[in-house]
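This report goes through one protein model and the molecule bound to it. The ligand site comes before the backbone and the fold.

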Amino acid sequence: MAPFAHINNQFVPLDEAKISIRTNALHYGTGIFEGIRAYWNARRTQLFVFKMAEHYERLLRNCRVLRLRVGKDVKELCDITLELLRKNQHREDAYIRPLAYVSSEGLGPKLVGYETGFAIYTIPLGDYLDTSTGIKVGVSSWRRISDNSIPARCKVTGGYVNSALAKTEAIEQGFDEAIFLTQDGYVSEGSAENIFLIRGGTLITPDLSADILEGITRQVLMELSREELGLEVIERSVGRSELYLCDEAFLCGTGAQVSPIIEVDRRPLSNGKIGPLTAKIQQLYFQVVKAEHEKYQHWCTPVY
Ligand code: PMP
């Protein structure tokens, strides 16, 4: 069965969800997107979408920055997503990609006087980054875009040029992922992930002023670590050298899930193995997203 997409208020075969080469957003990066995961629970023969409403709340908030008008509320967006997943009959882990964009064909980068387009597609997706053996990261020579140039807090399509430059450099240098520093030289985040360090049993993560995306997984892990593991979690400025001095570190995100870091700039962390607290946090996260944790069932929406 050919997969479906949703574009401009209609479900159409994915192959037919096409846009003009004149589309403004294609040239100027004037779009806002989301990345949502759905997890297949084989035991319950059910697909669960994780934190779906939170993702659409963020999308609609972000759209205000780019003056985009999706014309649908969170409930309507969730209903469309569930219908699309049912049409696509996913029986494996899946990824959902909603995109709001300047669909007008006018020349010139601006955000007024243009139409908004909206589309969603879904694909099967396993690990985006390795979660089982740990990854090697390198501090990027590219600095994170600042809030006064392109707000990294928001998932602005054009902002991902910054990510693409850093990720490419990292791959070509033999790393799995890049770590951005802010313009001021503090630790920011990965190319598509937030970062946590662990020092003396305390979780430390850059605060929201470090030009990071307001990550949903970051928020989830802060809550789970405090509530379920009794860990202290601190949001503060993080110096580059702390990446080398910490006991453990991991990246997190909807795509990345919890991806343990075992090496930073060729310096091994936790003896080049997944750290014990990271392993605990990762295990808890997978339990929660797969709707196997009683207390957090309400974060998971069944599709079928
Ligand atoms: N930072 C960036 C730059 C990202 O692209 C992502 C992925 N959406 C994240 C962090 C993690 O955000 P979330 O947990 O909301 O997926």
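## Polar contacts of the ligand

In this predicted model, a nitrogen atom of the ligand has a polar side-chain atom of Lys155 at 2.7 Å. Two further side chains also place an N or O atom beside the ligand. For Tyr160 the partner is an oxygen atom of the ligand, at 2.5 Å. For Glu189 the partner is a nitrogen atom of the ligand, and the separation is 2.6 Å.

Of the 390 Å² that the ligand exposes when taken alone, the protein buries 96%.

## The shell around the ligand

The ligand is surrounded by 16 residues. Tyr160 and Glu189, whose side-chain contacts are described above, are among the closest, together with Arg58, Thr217 and Thr254. Sorted by class, the shell contains five nonpolar residues, six polar ones and five charged ones.

Two elements of secondary structure each contribute at least two residues to this shell: helix H5, which covers 216-227, and strand E14, which covers 248-253. The space that the ligand takes up is the largest pocket.

## Backbone angles in two loops

Most residues other than glycine have a negative phi. Gln89 has a positive value, with phi near 55°. Gln89 belongs to the loop that joins helix H3 (74-88) to strand E6 (94-102). The relative accessible area of Gln89 is 43%, so this residue counts as partly exposed, between the limits of 20% and 50%.

Arg266 is also not a glycine, and its phi is positive at about 70°. The loop that holds Arg266 runs between strand E15 (257-264) and strand E16 (267-268).

## Phe33 and a distant residue

Is Phe33 buried or exposed? Its relative accessibility is 8%, and Phe33 is therefore classed as buried, because the limit for that class is under 20%. Phe33 is part of strand E3, which spans residues 31-33.

How far apart are Phe33 and Val238 in space? From C-alpha to C-alpha the distance is 28 Å, and in sequence 205 residues separate Phe33 from Val238.

Notes:
Residues numbered from 1 in each chain as written. Predicted model: local features only at pLDDT ≥ 70, side-chain atom pairs only at ≥ 80, totals over all residues. Heavy atoms only, no water. Near = heavy atom within 4 Å. Polar contact = N/O pair within 3.5 Å; in protein donor to acceptor, adjacent residues only side chain to side chain. Areas by Shrake-Rupley, 256 points an atom, 1.4 Å probe, with all protein chains shown as cover. 1 Å grid on protein atoms, 1.4 Å probe; cavity = no way out; pocket = protein on both sides within 12 Å on 5 of 7 lines; lining within 4 Å. Sits in = over half its atoms within 2 Å of the grid points. Helix = DSSP H or I, 4+ residues; strand = E, 2+ residues; numbered from the N terminus. Nonpolar A, V, L, I, M, F, W, Y, C, P; charged D, E, K, R; others polar. Buried < 20%, exposed > 50% of the residue type's maximum accessible area, 1.4 Å probe, protein only.
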